[in-house]
Structure formats: structure tokens, C-alpha cells
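Student: I am new to this structure. Can we go through some of the terms and see what earns each one?

Tutor: Gladly. Here it is.

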Amino acid sequence: MRLSRYFLPVLKETPAEAQIASHRLMLRAGMIKQQQAGIYSWLPLGFKVLRKLENIVHEEQIRAGHVPMLMPTLQPADLWRESGRYEDYGEEMLRITDRHGRDMLYGPTNEEMITDIFRAHVSSYKDLPLTLYHIQWKFRDEIRPRFGVMRGREFFMKDGYNFDVDYAGAMHAYNRHMVSYLRTYERMGLQAIPMRADSGPIGGDNTHEFLVLAETGESEVFYDSAITDLKLGDREIDFDNWDEVSAICTEWTTPYARTDETHDAAAFAEVPQDRRKSSRGIEVGQIFYFGTKYSEPMGATVQDGDGNKVPVHMGSHGIGVSRLVGAIIEANHDEGGIIWPEGVTPFHAGIVNLRQGDAETDGACESLYKALTAAGLEPLYDDRSERAGAKFATMDLIGLPWRITVGPRGLKTGVIELTSRRTGESEELAPEAAVARLTEIYAGHM
Ligand code: ATP
Ligand code: MG
């Protein structure tokens with residue numbers, strides 16, 4: 001992409017309404033525009049990151065054996081009357097009436113609708129296990145939308161639902177989700193810690209939230225720092241192997257990690273003192289086993305192996321895709337702007353032309369642009385007639401991990417400059433060497 005043809009409405013001023021770094025930077029970098037409280041347009045740069053995260057979520061869900069689909073944003077109220085949640089959900093639900101006077105709602109989540117789909121089409125245990133998911137816009141009329149996309153009213157969420165014939169099967173589905181989520185966040189360059197969460201009236205140890213540590217997080221968290229050393233890396237995982245998946249979950253859930261809702265001071269006191277940490281966290285996902293809570297009232301049953309009709313065991317599992325854009329920035333920025341992890345960056349590298357209009361410099365930038373594109377990378381080429389300082393500031397603000405600076409002085413000796421956004425370190429090298437280096441860096445992130 002050439003910047004002269006792109007739409008990148010960066011702001012010079014720091015927007016006064018934004019209280020936290022990610023919100024400020026998303027506005028300044030021209031990623032989003034607020035349309036109403038908690039409702040945003042995703043401008044091209046923001047949209048590109050959102051799509052990247054969505055793709056990672058899809059890839060990891062499919063890898064775990066889960067099946068993508070798409071349900072509508074608008075739902076009939078009658079489905080929610082069946083589960084009893086139409087009244088219970090309260091003011092967070094946006095209720096709409098159509099021209100025929102029928103009650104509808106903008107879905108805050110999809111348990112009822114997926115249960116309705118399931119009961120219409122599945123009746124035998126032989127069709128199980130099954131996990132269906134979608135990535136779709138949700139609406140919750142949050143009383144205090146804030147922090148930009150972190151707590152919006154309209155937000156983009158992956159929600160998946162497992163259907164299993166019994167508790168044991170549903171627990172494997174739960175574990176599979178935990179491991180697929182760990183993989184997902186790791187690919188995004190994030191550490192999200194699974195923390196035992198409050199399961200409310202259902203009880204039991206069957207829900208975990210995933211929290212990214214950040215000072216601006218809304219949750220208070222307590223953890224054993226040993227958990228921050230855990231990494232999946234490039235382990236091969238067989239998601240059908242119950243024991244293997246369960247062992248990974250045990251690894252991640254053994255060190256103490258809880259939010260204030262489930263915090264247990266006595267258990268925490270047993271963690272060695274130097275590893276006892278408390279901090280703030282951003283909830284970027286949650287997994288939940290709820291058994292037959294929806295299948296029973298809604299009549300979603302299957303015939304089990306003995307010919308008995310039993311309500312199906314379910315769980316629901318969510319990832320806050322749009323919130324993650326903010327969470328990643330909270331965890332990766334400095335005074336100059338955003339610092340995208342390589343796995344989610346909107347463009348792989350920025351090309352800065354120090355003397356636009358100079359035939360040799362323009363030519364070198366063009367051939368770099370072509371070579372990077374041919375290597376399967378997406379460069380953003382700043383081909384505007386701006387001062388170098390302004391170009392550098394824009395690149396720092398939008399946070400591409402690598403910047404290639406091309407100027408007449410370097411070209412005299414056949415070199416360009418490759419700069420890391422994260423470390424600020426620069427290196428002079430031949431253009432072909434820079435392309436090779438970037439190709440290698442991104443090989444693990446494609
Ligand atoms: P919170 O406690 O932050 O209000 P929640 O527990 O109500 O969230 P879930 O129903 O667990 O949310 O939804 C799954 C995920 O969707 C959350 O983990 C979070 O990442 C994201 N999410 C929830 N509400 C919002 C929101 N208002 N704006 C953006 N993302 C959200
Ligand atoms: Mg939650």
C-alpha cells in the first residue's frame with residue numbers, strides 16, 4: 001500500500017476524551033472513529049488489525065476441531081423467553097420491535113439461538129461431539145462504555161458452543177478450548193493467563209477467564225509469577241487426545257491465578273513470597289461449562305448409547321476480538337506510539353522515502369516495495385512529500401515492527417537502513433538483504 005493512496009487520518013492532538021493509552025493511540029493512529037458512545041467505525045488501519053485477529057481466531061478454532069458458521073445479529077425475543085433470559089438480562093439488552101410489532105433483540109450472546117439450531121437438526125449421540133462457533137458483532141448496552149473498543153456497546157466477539165453427550169466429553173471440550181485459547185493469544189504476542197472465575201449460581205470449578213496483565217485493566221488479579229514463564233511455543237498438540245490436552249490445562253491451572261472474585265487469601269499465602277504478585281488485568285476471553293442449563297428448558301436432547309433421551313451437555317466459550325486490539329496496544333506501546341507484535345501487525349514493514357522526487361531514491365523504494373510484495377509481505381510505503389521527521393513520527397505512531405529508510409546518502413554505497421520499532425536499533429544493509437531478513441522474521445507468523 002502506498003500511503004498517498006491510503007486513508008490514514010492520523011491526529012496531531014491527543015484526544016481529550018481518551019483516558020488510556022490504547023484508546024488514545026487508536027484514535028491518533030486513525031484506526032477508529034467514534035460514532036456514538038461505545039460504537040465505532042473501524043477505519044482501514046484498525047480494520048486490518050481486526051481482520052488479522054479474526055483470522056488467527058479462526059485458524060486456531062479450526063485447528064482444535066471446531067466448526068465455523070454465522071448467526072445473525074438480530075434474534076427473536078421468543079427464543080430468549082424459552083430460556084427465561086429475556087426478562088433476566090435486564091437493561092444491557094437492546095430490545096427492538098419490528099413493523100409487525102414482533103419483539104426482537106440485538107444479540108448480546110448466542111446460547112439460545114445455537115441451542116435452537118442444535119435441537120432442529122441433531123438427535124443422536126452419534127453426531128457428537130460437536131462444537132460450533134461464529135465471530136459476529138454483539139451488542140450490550142453497557143451502562144458505562146469506556147476505554148474505546150475495550151468496553152464498547154457494539155463489539156466483535158468469537159463465541160463457540162460445545163455439545164457433548166456427557167460430562168466427561170464436555171470437560172474435554174472445555175480443556176480443548178482452554179488450550180486453543182492459549183495458542184490464540186500466544187500467536188497474537190500476548191500472554192493471557194487463565195484464571196479461575198466466578199461461576200455464579202452454577203457452581204463448580206468450570207469457568208476460567210483469560211487475563212492480560214496491564215495497569216489499566218478493570219479486574220484485580222492475584223497470581224504466582226511462575227505462570228508467566230509458561231509457553232506453548234511450537235509444541236505439536238493433538239486436540240483429540242484427552243490426556244494430552246488435559247495435561248496442558250493442568251500445567252496452566254496449577255500455579256495460583258485468580259481474579260478478586262474468586263481470590264482465596266489463604267491459598268495465595270502458600271505461594272512463595274517472591275512469586276506472589278497482584279496486578280490489574282484485562283479480560284480477553286472466558287470459557288464456561290454450564291451443563292444442561294439451556295438444553296433442558298429448550299428441549300435439546302440426544303439419544304445416548306442405551307437409547308435414552310438425555311439433554312445435551314453444553315459450554316460456551318468467548319474471545320473478545322475487538323477488545324483484543326486495545327489489549328494488545330495496552331501491552332505494546334511507548335511514548336511514540338504503538339508497537340505491533342509481528343503476528344498481528346497491519347503491515348509488515350514501512351518504507352520511508354527520505355527524498356521523494358529524487359529519481360534514484362524513488363526507484364530504490366519502488367524496487368523494495370516490489371521485492372517485499374513478491375516475498376508475500378505487505379509493505380506500507382510512505383511516498384508523500386513530507387519531511388523525514390514527520391514520516392518517522394507517523395511510522396512510530398502506527399507501530400509497524402520494522403521500518404526501512406531509503407535515502408540518497410545510503411544509496412551511494414548501496415545500503416538502506418532497517419530499524420526495529422521495539423528496540424530502536426538500526427542496521428545498514430543491502431536492500432536484498434533486508435528483504436531476506438524480513439522474510440525470515442515473518443516466516444513464523446504467516
Ligand atoms: P466483562 O466482565 O468485561 O463485562 P463479560 O464477562 O460480560 O465481560 P463475556 O460474556 O465473558 O463478557 O464475553 C466474552 C468476551 O467478550 C469477554 O471476555 C471480553 O473479552 C469480551 N467483551 C465482553 N464485553 C465486552 C464489551 N462491552 N466490549 C468489548 N468486549 C467485550
Ligand atoms: Mg466474561
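Student: How do you know that the length of helix α2 agrees with its residue count?

Tutor: This is a predicted model, so every value is computed from it. Helix α2 covers residues 44–63, which is 20 residues. The expected span is 1.5 Å times one less than the number of residues. That gives 28 Å, and the end C-alpha atoms are 28 Å apart, so the two agree.

Student: Which residues of α2 are buried?

Tutor: Among them are Leu45, Val49, Leu50, Leu53, Ile56 and Val57. Charged residues are listed too, including Lys48, Lys52, Glu54 and Glu60. They are called buried because the term means under 20% relative accessible area.

Student: What comes just after α2?

Tutor: Gly65 does, with a positive phi of about 95°.

Student: Why is the contact between Asp78 and Arg81 called a salt bridge?

Tutor: The closest N and O atoms are 2.7 Å apart. The cut-off is 4 Å, so the pair qualifies. Side chains of opposite charge can pair when their charged atoms come close.

Student: What separates Asp78 and Arg81 along helix α3?

Tutor: About one helical turn, because they are three residues apart in that helix, residues 77–83.

Student: Why is Asp78 called exposed, and Arg81 partly exposed?

Tutor: Exposed means over 50%, and buried means under 20%. Asp78 has a relative accessible area of 52%, so Asp78 is exposed. Arg81 is at 39%, so Arg81 counts as partly exposed.

Student: Which other acidic residue forms a salt bridge with Arg81?

Tutor: Asp103 does, and the closest N and O atoms are 2.7 Å apart. This pair links distant parts of the chain: Asp103 lies in strand β6, residues 103–106, while Arg81 lies in helix α3, 22 residues apart. Asp103 is at 32% relative accessibility, so Asp103 counts as partly exposed.

Student: What makes Arg102 and Asp98 a salt bridge?

Tutor: Their closest N and O atoms are 3.4 Å apart. That is within 4 Å, so the term applies. Asp98 has a relative accessible area of 22%, so Asp98 is partly exposed.

Student: How many salt bridges does the whole structure have?

Tutor: A search finds 25.

Student: What makes Glu283 and Gln286 partners of the magnesium ion?

Tutor: They coordinate the ion, ligand 2, through Glu283 OE and Gln286 OE1, at 2.0 to 2.2 Å. Donors must be within 2.8 Å, so these atoms count. Glu283 is partly exposed, with a relative accessible area of 26%.

Conventions: Residues are numbered from 1 along each chain as its sequence is written. Chains are lettered from A and ligands numbered from 1 in the order in which they are written. This is a predicted model: local features need pLDDT of at least 70, side-chain atom pairs count only at pLDDT 80 or more; totals for chains, interfaces and linings use all residues. Side-chain values use heavy atoms; hydrogens and water are left out. Helices (H or I, at least four residues) and strands (E, at least two) are DSSP runs, numbered from the N terminus. Buried means under 20% relative accessible area, exposed over 50%, partly exposed in between (1.4 Å probe, protein chains only). A salt bridge is a side-chain nitrogen of Lys or Arg within 4 Å of a carboxyl oxygen of Asp or Glu. Donors are N, O and S atoms within 2.8 Å of the metal (3.2 Å for Na, K and Ca); water is not among the atoms, so sites may look incomplete.
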